[in-house]
Amino acid sequence: MKELQLRKHLMTAISYLIPYVAASGMLMVVGNIFGGTSLETLGSATGIPDLLTTLGGTALGFIPVVISSGIAYSISNKAGIAPGFILGLLCKVDGYGFLGGLVAGFLAGFLTRWLLGVLKVPEWIRGLLPQLILPLLVSIVVGLALQYVIGVPILWLTDAITSLLESMQGNPGAEVSFGALVGVLSAIDYGGPINKIVFAFSLGLQSEGLGGPIANIIQASMIAPIGLTIGYFVSRFTKRSIFSAEEGDALKSAFIMGCFQITEGSFPIILNDLLRITVCTALGSAVSGAMIGFFGVASSVPSGGFLALPGFNKPVEWMVSLLVGSVVFAIALQFLKRNPEKIAAEQGIKPESDDDSLNDLTFSDL
């Protein structure tokens, strides 16, 4: 299984999927802001808000196509794109959804790669192998398997998951527990593999009309930068020196980026005290995630931070959940975080000044 590199191929496909989903979601946000609605047909008389809303919603419906194509491409390069796309369309039409797109992408990719290695054809026809023969063969074989064999349990599993989550609605205990779990898993590796897998799972649920987990992920990705910012001001007020001067400067950009659901701006601070700040992140995201579940917040938009507010069914409750989780993060930070400058001083490490490093630089070092 390790040689198959399943996670690598999934992460590659998700990296292609995220900008597609983000752009599609923001089209819906802009359209909704100006009163747009999704239409069945478009024409020259269609208003711009309706056009944007319809375009974004239609694009999100093609998520199985994008994920299937991305996985197949990651496994078998360009030869996997066409069968991955065609089989992703089959998943969209038959209702296999995001899960079907995953299965189709892996099957198309591995079958294409295997056929590339075993098929022996005359030299004069070799150019047609990746352009016609393989896409046709793989689409037929995997398409028949999906339609008549594999698709049946995929539909059962999709319906079972959807039914389970729908049964949680109206059950505060289950919604709170599930919300806390999604919140923690979405936040603790700061956009890493765990976050990507939860995002993929939540995206599939959103395509089934369940937007709660996506709403949870959006705020969980914002907990660290906003919590760090609140924690900084709390430490200044209480005169606790837990931030270095460099960390204080880094917060200026980290907070702005965090408002748009970009966690990377906080990395210079997080990496200085990774374990303790991760504990704070887990605490804050668990509280905010539980509140998201309790309030029943859902989103029709998959990302965007505060820009996604028009896509929430309960934007006020979502903001309250984010604020409370960030405050919990900030309070925990006061007791756990340590100033990196003080740690360096205790260890007898003298920071190198910029002047010293420039004076020691010679052309032989370049």
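## Burial along helix H4

A residue is called buried when its relative accessible area is under 20%, and exposed when that area is over 50%. By this criterion, the buried residues of H4 in this predicted model are Pro83, Gly84, Leu87, Gly88 and Cys91. They lie on the same side of H4, because the arc they cover around the axis is only 135°.

What do the buried residues of H4 pack against? Their partners are three helices: H3 (63-76), H5 (97-118) and H6 (128-168).

## Geometry of H4 and its end

H4 runs over residues 81-94, a stretch of 14 residues. The distance from its first C-alpha to its last is 20 Å, close to the 20 Å expected at 1.5 Å a residue. Just after the helix comes glycine 95, whose phi is positive at about 80°.

## Positive phi outside glycine

Two loop residues other than glycine also call for a look at the backbone. Tyrosine 190 has a positive phi of about 50° although it is not a glycine. Tyrosine 190 belongs to the loop between helix H7 (172-187) and helix H8 (193-207).

Lysine 239 also is not a glycine, and its phi is positive, near 60°. The loop that holds lysine 239 connects helix H9 (212-237) and helix H10 (245-259).

Is each of these residues buried or exposed? Tyrosine 190 counts as buried, because its relative accessibility is 9%, under the 20% limit. Lysine 239 has a relative accessible area of 77% and is therefore exposed, the cut-off being over 50%.

## Overall fold and extent

How many helices and strands does the protein have? Its secondary structure comes to 15 helices and zero strands. The C-alpha trace spans about 70 × 65 × 45 Å along the principal axes.

The protein has 366 residues, and 45% of them count as buried. Among contacts between residues at least 6 apart in sequence, 74% join residues at least 24 apart.

## Surface and charge

The exposed area of the protein is about 18,400 Å², of which carbon and sulfur atoms supply 69%. Its charged side chains comprise 19 positive and 24 negative ones. Between the centres of these two sets the separation is 4 Å.

Notes:
Residues are numbered from 1 along each chain as its sequence is written. Side-chain values use heavy atoms; hydrogens and water are left out. Helices (H or I, at least four residues) and strands (E, at least two) are DSSP runs, numbered from the N terminus. The expected span of a helix is 1.5 Å times one less than its number of residues. Buried means under 20% relative accessible area, exposed over 50%, partly exposed in between (1.4 Å probe, protein chains only). The arc is that of the directions from the helix axis to the C-beta atoms. Contact means heavy atoms within 4.5 Å. Accessible areas come from the Shrake-Rupley method with a 1.4 Å probe; for residues, only the protein chains shown count as cover. Lys and Arg count as positive and Asp and Glu as negative; His and the chain ends are not counted. The place of a charge is taken as NZ of Lys, CZ of Arg, CG of Asp or CD of Glu.
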